[in-house]
Amino acid sequence: SNYQIHLHPQLSVQVAKAPSNSIPGSGDAGSVVRYPGDSIAIYGMLYPSFAINRYGEMMDAVYTRPVSEKQTQVVFDFYTTKEKMEEEEWKKRSVSASERVQEEDGRVCESLQVGVGAVGYGRSRYAPTMEMATHHFHQWVARAMQ
């Protein structure tokens, strides 16, 4: 499979293999960036609020901090090779691609929150086979709240 999910007591790891040494969404809109010899993206989530994402020659560390019941602050730190740090255009494209993905994800999360507040909302899992890590996270939260 091109997509694997590994669940551990306080950690989930998702591994995505991209064809043709490309990581989708890492270049200009609608394109891909090709990384020599590296076509795997790894996303790790350490409960409750820390993630490490590794793709191509880039890695980011993400800290999520609840601000209130309806607001969350997300802090990103980006890491790459010394050579890539000297390539200004590559850095701009990489950060821009990350911002675009985060904006898209943010809109999805905001829409979901609106839906959760709707009168007709009923609990369910969105995509059980693909969202195992999200479900695992929700189980962590439920255990912590007991």
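## Close-up views of a predicted model

**View A. Glu104 in helix 2.** Glu104 lies in helix 2, which spans residues 88-116. The model shown here, as in every view below, is predicted. Is Glu104 buried, partly exposed or exposed? Its relative accessibility is 39%, so Glu104 counts as partly exposed. Glu104 also belongs to a surface patch of negative charge. The other members of this patch are Glu99, Glu103 and Asp105. Residues that take part in a salt bridge are kept out of such patches by definition.

**View B. A salt bridge within helix 2.** Glu88 and Lys91 pair through their side chains, with 3.1 Å from N to O. The two residues are three apart in helix 2, so about one helical turn separates them. Both partners are partly exposed, as their relative accessibilities show. The value for Glu88 is 46%. For Lys91 it is 22%. The cut-off for buried is under 20%, so Lys91 falls on the partly exposed side.

**View C. Lys84 and Glu57, a link across the sequence.** Side chains of opposite charge can pair when their charged atoms come close. Here the side chains of Lys84 and Glu57 form a salt bridge, at 3.9 Å from N to O. Which parts of the chain does this pair tie together? Lys84 sits in helix 1 (residues 82-85), whereas Glu57 sits in the loop between strand 6 (50-55) and strand 7 (58-68), so the bridge joins parts 27 residues apart in sequence. The two partners fall into separate burial classes. Lys84 is buried, at 14% relative accessible area. Glu57 is partly exposed, at 28%.

**View D. The network around Lys84.** Lys84 has another salt-bridge partner, Glu87, with 3.4 Å from N to O. Glu87 is partly exposed, with 35% relative accessible area. Glu57, Lys84 and Glu87 are thus linked in a network of salt bridges. How many salt bridges does the protein have by the rule used? The count is three. One of them is the Glu88 to Lys91 pair of View B.

**View E. Ser12 and its contacts.** Ser12 is part of strand 2 (residues 11-17). With a relative accessible area of 2%, Ser12 is buried. What does Ser12 touch, leaving out residues up to four places away in sequence? Its contacts are His6, Leu7, Tyr43, Gly44, Met45, Ala133, His136 and Trp140.

**View F. Met58 in strand 7.** Strand 7 holds Met58. At 5% relative accessibility, Met58 counts as buried, since the cut-off is under 20%. Leaving out residues up to four places away in sequence, Met58 touches Asn53, Phe78, Tyr79, Thr80, Trp90 and Ser94. Thr81 is 23 residues from Met58 along the chain, and their C-alpha atoms are 7.7 Å apart.

**View G. A nonpolar surface patch.** Six residues make up this view: Leu11, Leu46, Phe50, Ile52, Tyr63 and Val75. Together they form a nonpolar patch on the surface, with about 460 Å² of accessible area. Val75 comes from strand 8 (residues 71-80). Its relative accessible area is 36%, so Val75 is partly exposed. Patch members need over 30%, so Val75 passes that cut-off.

**View H. The cis bond at Pro48.** The peptide bond running from Tyr47 to Pro48 is cis. Its omega angle is near 10°. Where does Pro48 lie? Pro48 is in the loop between strand 5 (40-46) and strand 6.

**View I. The whole chain, for orientation.** The protein has three helices and eight strands. Along the sequence they follow the pattern β-β-β-β-β-β-β-β-α-α-α. What share of the 146 residues counts as buried? The share is 24%. Ser12, Met58 and Lys84 are among the buried residues. The accessible surface comes to about 10300 Å². Carbon and sulfur atoms account for 57% of this surface. Of the contacts with a separation of 6 or more, 36% are between residues 24 or more positions apart.

Terms used: Residues are numbered from 1 along each chain as its sequence is written. This is a predicted model: local features need pLDDT of at least 70, side-chain atom pairs count only at pLDDT 80 or more; totals for chains, interfaces and linings use all residues. Side-chain values use heavy atoms; hydrogens and water are left out. Patches are made of residues with over 30% relative accessible area and no salt bridge: like charges are joined within 9 Å, nonpolar side chains (Val, Leu, Ile, Met, Phe, Trp, Tyr) within 5 Å. Accessible areas come from the Shrake-Rupley method with a 1.4 Å probe; for residues, only the protein chains shown count as cover. A salt bridge is a side-chain nitrogen of Lys or Arg within 4 Å of a carboxyl oxygen of Asp or Glu. Lys and Arg count as positive and Asp and Glu as negative; His and the chain ends are not counted. The place of a charge is taken as NZ of Lys, CZ of Arg, CG of Asp or CD of Glu. Helices (H or I, at least four residues) and strands (E, at least two) are DSSP runs, numbered from the N terminus. Buried means under 20% relative accessible area, exposed over 50%, partly exposed in between (1.4 Å probe, protein chains only). Contact means heavy atoms within 4.5 Å.
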